[in-house]
Amino acid sequence: MLVTISIGNSHTAYAVHGGREAEHRAAFRLRTDPRRTADEIGLWVTDLLGRAQVTAREVDAVCLCSVVPSATGAIVAVCERTFGVRPLVVRPGVRTGLPVRYRPEATLGTDRLVDAAAAHAAYGAPVIAVDFGTATTINAVDGAGVFVGGAIAPGIGIAAEALAEAGARLALVDVQATALPLVGRTTESAVQSGVVHGHAALVDGLIARMTKALGGTDSPQAVPVVATGGWAGVIAPLVPRIGHVRVGLIHDGLRLIWERNVQFGSAA
């Protein structure tokens, strides 16, 4: 059984893959905290797996990506001590199926590359993957199937927190609310509109410009766009150019990369 792990700035996401390609037998998240030890994390992971009726002994492979180097060591130790396996860590040199045109490649967040690999496998090329996480990343694969880069913007959560911190009379607002009015008639709803609808407009505009850069037209569906990440459910419905939403996209990509490396005998 394969476990995929994405270590993000805010949370570390786990998924257990069953027999069918798209099946996630279990999925859960823990807050990312570099101060936590492997023993602490191992206890929580074992408990959460048990609730999904999965034992540590059933796990025979792990593939992970990380944007928090200080937290990676403890997770690797969990894999070795709890599961008894050495994880495949996505880094330069690991087979992803995508040539990379990004310099220097070592500075590329591997989560962005994993998202792009999964989007390319599902929707072909060119394709754009948007990840609504701590940061919002827009990642582009060109018509030749090459990862060419993208854009990074502050995530919606960061934007709301920064506005509340910098504005003396602006409180932190709920940006998870549904059916937010475009024209706010109170200070709270005006801030909500600016944060949520403003972020949607930012993303839609970047996608439109990126689509043209990839050789597409200005049509909303000229290039397939897939959204993922914790804030996708809030923002994606407000962005006409997003045609697909896949919350587990990064886990699909990690599974795909693991399979590609196992095939060539380099998963260890």
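Q: At 30% relative accessibility, how does glutamate 259 count: buried, partly exposed or exposed?
A: This is a predicted model, where local features need pLDDT of at least 70, side-chain atom pairs count only at pLDDT 80 or more, and totals for chains, interfaces and linings use all residues. Residues are numbered from 1 along each chain as its sequence is written, and side-chain values use heavy atoms, leaving out hydrogens and water. Buried means under 20% relative accessible area, exposed means over 50%, and partly exposed is in between (1.4 Å probe, protein chains only). Because its relative accessibility is 30%, glutamate 259 counts as partly exposed.

Q: How far apart are the closest N and O atoms of arginine 255 and glutamate 259?
A: Arginine 255 is buried, with a relative accessible area of 12%. About one helical turn separates the two residues because they sit four residues apart in helix α7 (a helix is a DSSP run of H or I, at least four residues, and a strand a run of E, at least two, numbered from the N terminus). They form a salt bridge, which needs a side-chain nitrogen of Lys or Arg within 4 Å of a carboxyl oxygen of Asp or Glu. Here the closest N and O atoms are apart by 3.1 Å.

Q: Which helix holds both aspartate 47 and arginine 51?
A: Their side chains meet in a salt bridge at 3.0 Å, N to O. Aspartate 47 counts as partly exposed at 38% relative accessibility, while arginine 51 counts as exposed at 66%. They are about one helical turn apart because four residues separate them in helix α1.

Q: How many residues apart are arginine 241 and aspartate 204?
A: The side chains of arginine 241 and aspartate 204 meet in a salt bridge, 2.9 Å from N to O. The pair links distant parts of the chain, with arginine 241 in the loop between α6 and β10 and aspartate 204 in helix α5. Both arginine 241 and aspartate 204 are buried. Along the chain, their separation in residues is 37.

Q: Which strand or helix gives the most to the lining of the largest pocket?
A: The largest pocket holds about 1100 Å³ of space, and among the 45 residues lining it, those closest to its centre are Arg29, Phe132, Gly133, Thr134 and Gly230. Elements that each supply at least two lining residues include β1, α3 and α7. With five residues, the top contributor is β3.

Conventions: On a 1 Å grid over the protein atoms alone, a cavity is a set of points where a 1.4 Å probe fits but cannot get out, and a pocket is an open set with protein on both sides within 12 Å along at least five of seven lines; lining residues have an atom within 4 Å of a point. Grid points are joined across faces, edges and corners, and a volume is the space filled by probe spheres set on the points.
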